[in-house]
Amino acid sequence: MPKPVKNVKSKSDGTKKGEIFALPKHFKNALTQCREQADKSPAKDVTYLWIAVSGKGVGKTGNENTNAVSLSPQDWLNVVDESASLGATWVVLTVSTKLSQFSDIWDICRWAQDTHGMMVGIHLGVDEVTPGDVENILSLNLSKLRLLVRSDSMEKLAFLEKQGLVLWTANPQQNGEKPNCQGPARMIYVNAEGRLYTCGLVEGKADYLMGSVLHDRLNHVIKSPSVKHCVQEDLHKVAPGCDGCPALIANYFTTNL
Ligand code: SF4
């Protein structure tokens, strides 16, 4: 993988200034509530970068929709660079299918660890690892690595602990509970197509779309008062979208952060 070049963002997506910020009244009210809630949060610095890896991005499965937007490996390294410049000390990659299908994530992990000294969490959505996966995992800096796996997969993957890996529970809370999380205000969440959402719980919901790493500077997005930096109360319940969330897991493994 080539060394990243300076991160230059294109503004040529055709979006007119202010177009995405023409908000209906009900959404403005929700935004105000949400902002008030976020303002109560004492921490404002970005700490976590959370990348959702799927067949649409960060490595190809060969089965993905060819119309899907795909970021280059260089784009992803730029996302890591920009997040680190904003204070991120953690990157979590949520891998939704078999790890072996995503060859590019190893360069992203190495870049985060070696260039920025970041801790890396690899969240295994599927608890199948091949000998090749293990070899790739062991090639990383293990002191700066955590494997995040669902609690019901812990036993199956316990053999990895014997190889020096630290496993953490990706779902420390039951579905339906109010998340004991730090909220999304300290986190940058990017889906596989580079779209920025408030957090994993609300990925795909138009109200929570914050922009795109292809067109927007992260610095602007995280400071923008026009996008939601928290999840509305009625949606704020633990669901599979919270699996692997660093802002949640951090509250359960504080001695290691
Ligand atoms: S994904 Fe869930 S746990 Fe994480 S910040 Fe959002 S609501 Fe909280």
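## Exercises on a predicted fold

Of the 257 residues of the protein chain, 37% count as buried, meaning that 20 or more other C-beta atoms, placed from the backbone, lie within 10 Å of the residue's own. This is a predicted model: local features need pLDDT of at least 70, side-chain atom pairs count only at pLDDT 80 or more, and totals for chains, interfaces and linings use all residues. Residues are numbered from 1 along each chain as its sequence is written.

**Exercise 1. State the strand order of the sheet and find its edges.**

Solution.
- Start with the elements. The protein chain has seven helices and eight strands. Both are DSSP runs, numbered from the N terminus: helices are H or I with at least four residues, strands are E with at least two.
- Next, the order. The eight strands form an open sheet, E5-E4-E3-E2-E1-E6-E7-E8, with mixed pairing. Two strands pair if DSSP finds at least two bridges between them.
- Now the edges. Strand E5 (167-169) and strand E8 (209-212) each have a single partner strand, so one side of each is left without a neighbour in the sheet.
- Last, the twist. It averages 25° from one strand to the next.

**Exercise 2. Describe the surroundings of strand E2 (90-95).**

Solution.
- Check burial. Six of the six residues of E2 are buried.
- Sort the directions. Trp90, Val92 and Thr94 point one way from E2, and Val91, Leu93 and Val95 the other way. In a regular strand the side chains alternate between the two faces of the sheet.
- Look to E1. Six bridges join E1 to E2, and the two run parallel. Tyr48 has Trp90 in E2 as its bridge partner.
- Look to E3. E2 and E3 also run parallel, joined by six bridges. Val95 stands opposite Leu124 in E3.
- Add the helix. Helix H3 (residues 105-116) lies across E1, E2 and E3, at about 170° to E2. Axes are lines fitted to C-alpha atoms, for helices over the stretch in contact, and angles run from 0 to 180 degrees between N-to-C directions.

**Exercise 3. Which residues of helix H2 are buried, and what covers them?**

Solution.
- Locate the helix. H2 spans residues 73-85.
- List the residues. Trp76, Leu77, Asn78, Val79, Val80 and Ser83 are buried.
- Name the cover. It includes E1, E2, H3, strand E6 (187-190) and helix H6 (218-223).
- Step past the end. Just after H2, Gly87 takes a positive phi of about 115°.

Technical notes
Buried ≥ 20, exposed ≤ 12 C-beta atoms within 10 Å, placed from the backbone. Contact = placed C-beta atoms within 7 Å. Expected span 1.5 Å × (residues − 1).
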